[in-house]
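Q: Could you take me through one part of this model slowly, and then show me what sits elsewhere in the chain? I'd like residue names and angles where you have them.

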Amino acid sequence: MIDLSQLFSIQDNLLKQVPRDFKRFLYGKINWKNRLIGLIGGRGTGKTTLLLQHLAEAGPGSPNYLYISADHIRVEALGIYEIASRFFQMGGEVIVIDEIHKYDGWPQEIKNLYDAFPKAHILFSGSSSLGLQLGKADLSRRAVFYNLPGLSFREYLYLSEEIEFPIIEFKDLLRDHSSFSSDIVAEGPVLRHFQNYIDHGIYPFFMEGTEEYSEKLSNIIEKVLYEDIVSTSGMKSMNVPILKRIIWLVATSSPFKPNFEKISKNLGISRPSLYIYLDYLEKSGLLSAVMAQGAGAKLARKPARIYLDNTNLLRAVSGELSREDPVGTIRETFVQHQLDSAGFQLRIPEKGDFLIENEYLFEVGGRSKGKDQITNKKNAYILKDDIDIGFGNVIPMWLIGFLY
């Protein structure tokens, strides 16, 4: 008979330490009544904290709730199916399984648990977006998946400065951005906070100190490459340097507009292999590809631009490999990360930088950016860096960080 007391003890200790005052934006969007919930997201975005917060709020100290980590030695020894089966047989209702991507054969065991215990609730997450993405297909008819991106600028302000503002709806932002900007700027030096966010504000672990932030982020990149991608995809570790060269190309371009034939020749790999490697890097949360406007089946594998997923990753990579500050790439990377994380569809138009939901045109630039690219364009806006408050169709770029 399996003894779960040690696992309950671990859970109790974790619940005593979990923060209660701040919850990620996704917390209120999750339908916790679903029987099978998968939380997808990159390393370090706060998935474990979010799940523990749910347990702390739903059933603190209750034997009907259990948190386990799939990489714990006891869990590996006993097996997820055996532990969960025993828990549900004893009257347990909700089990949370963290780091599930590190457990071989997890999709099959989760599916079996879901079918064997029709009243059970199973929540799982993992640090490997790629691993969960691949398991997503096996559970597509049963599980509801949610994605937890890095912190928005709005969330960062709350954690770093205790400045609290609600999420701004996209159309409200376009219509009344001057009023929103004025209210936020009145609370403090927003541009200084924004620069800090660009450098080290996207992952919650910045609260542990910023001195080692870049090093921790570099370690995350290494783990994603050598642990997540290699172990999940079956790719040989000897090919990881190719992935690093791709990341370097993206980080040091302004911005990266891929020429696949040229890149494949420079890397010494075939174009099909290049497509596969780019897919791995995107699904693992390191890269973000944006397709051209009107891209159909013919262009499905050929993005118009490729970015590092967020500006902190860009800083970590370009700061090591280039002395030049890729300010144009930083601006576009920020905009695509915030819009994509907020759930908007992005495309690259023939003129302008981003087309949002096939309706709104954005041009991104600095304080001196002109309006030539959006002249006579409907629903067209300039996102300007280095300004506090905008006017008309000129919006301060940092305000896009309030959409989630």
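The close look starts with one sheet and then moves on to other parts of the fold.

A: Sure. Keep in mind that this is a predicted model, so the numbers below are computed from predicted coordinates.

Let's start with the open sheet of five strands, whose order is 2-3-4-1-5 and whose pairing is parallel. At its edges are strand 2 (65–69) and strand 5 (144–147), each of which pairs on one side only. Ignoring direction, neighbouring strands here are turned against each other by 15 degrees on average.

Now zoom in on strand 2. Its one partner within the sheet is on one side, as for any edge strand here, and five parallel bridges link strand 2 to strand 3 (residues 94–98). For a concrete register point, Y65 has V94 of strand 3 as its bridge partner. So is strand 2, with its five residues, buried or not? Five of the five are buried, so strand 2 is largely enclosed by the rest of the structure. Both of its faces are covered: on one side you find Y65, Y67 and S69, on the other L66 and I68, and all of these are buried.

What packs on this sheet? Helix 4 (residues 80–89) does, touching strand 2, strand 3 and strand 4 (121–125), and its direction makes about 160 degrees with that of strand 3. Helix 5 (residues 106–116) packs on the sheet too; it touches strand 1 (36–40), strand 3 and strand 4, with its direction at about 165 degrees to that of strand 4. If you want to click through the contacts, strand 3 and strand 4 are touched by helix 4 and also by helix 5.

Next, a few helix pairs. Helix 1 (residues 5–17) packs with helix 2 (residues 47–58) at an angle of about 95 degrees, and their axes are 10 Å apart. The two are therefore roughly perpendicular to each other. Q11, L14 and L15 from helix 1 make the contact with L52, L55 and A56 from helix 2.

Further along, helix 10 (residues 213–233) and helix 11 pack at about 130 degrees with their axes 11 Å apart, which makes helix 10 oblique to helix 11. The crossing of helix 10 past helix 11 is right-handed. On the helix 10 side the meeting residues are E222, L225, Y226, I229 and V230, and on the helix 11 side they are V240, L243, K244 and I247.

Helix 11 also leads us to helix 12, since the buried residues of helix 12 pack against helix 11 (240–251) and helix 13 (271–283). Those buried residues of helix 12 (residues 260–267) are F260, I263, S264 and L267. They span an arc of only 95 degrees around the axis, which puts them on the same side of helix 12. The spacing makes sense: an α-helix has 3.6 residues a turn, so residues three or four places apart point the same way. Over on the other side of helix 12, K262, K265 and N266 are exposed. Just past the end of helix 12, G268 adopts a positive phi of about 75 degrees.

One histidine is worth a click as well: H193, in helix 9 (residues 190–200). H193 has a relative accessible area of 4% and is buried. Setting aside neighbours within four places in sequence, its contacts are F153, Y156, L157, E161 and I163.

Finally, there is an open sheet of five strands in the order 8-9-10-11-12, and here the pairing is mixed. Strand 8 (346–347) and strand 12 (394–396) are its edge strands, each pairing on one side only. Strand 9 (residues 354–356) and strand 10 (residues 360–365) run antiparallel and are joined by three bridges, with F354 standing opposite F362 in strand 10. Helix 8 (residues 170–185) lies across strand 9, strand 10, strand 11 (380–384) and strand 12, and runs at about 70 degrees to strand 12. Helix 15 (residues 327–341) packs on this sheet as well, touching strand 8, strand 9, strand 10 and strand 11, with its direction at about 145 degrees to that of strand 10.

Technical notes. Residues are numbered from 1 along each chain as its sequence is written. This is a predicted model: local features need pLDDT of at least 70, side-chain atom pairs count only at pLDDT 80 or more; totals for chains, interfaces and linings use all residues. Side-chain values use heavy atoms; hydrogens and water are left out. Buried means under 20% relative accessible area, exposed over 50%, partly exposed in between (1.4 Å probe, protein chains only). Helices (H or I, at least four residues) and strands (E, at least two) are DSSP runs, numbered from the N terminus. The arc is that of the directions from the helix axis to the C-beta atoms. Contact means heavy atoms within 4.5 Å. Two strands pair if DSSP finds at least two bridges between them. Axes are lines fitted to C-alpha atoms, for helices over the stretch in contact, and angles run from 0 to 180 degrees between N-to-C directions. Angles under 35 degrees count as roughly parallel, over 145 as roughly antiparallel, 65 to 115 as roughly perpendicular and the rest as oblique. A crossing is left-handed if the near helix is turned anticlockwise from the far one by less than a right angle, and right-handed if clockwise.
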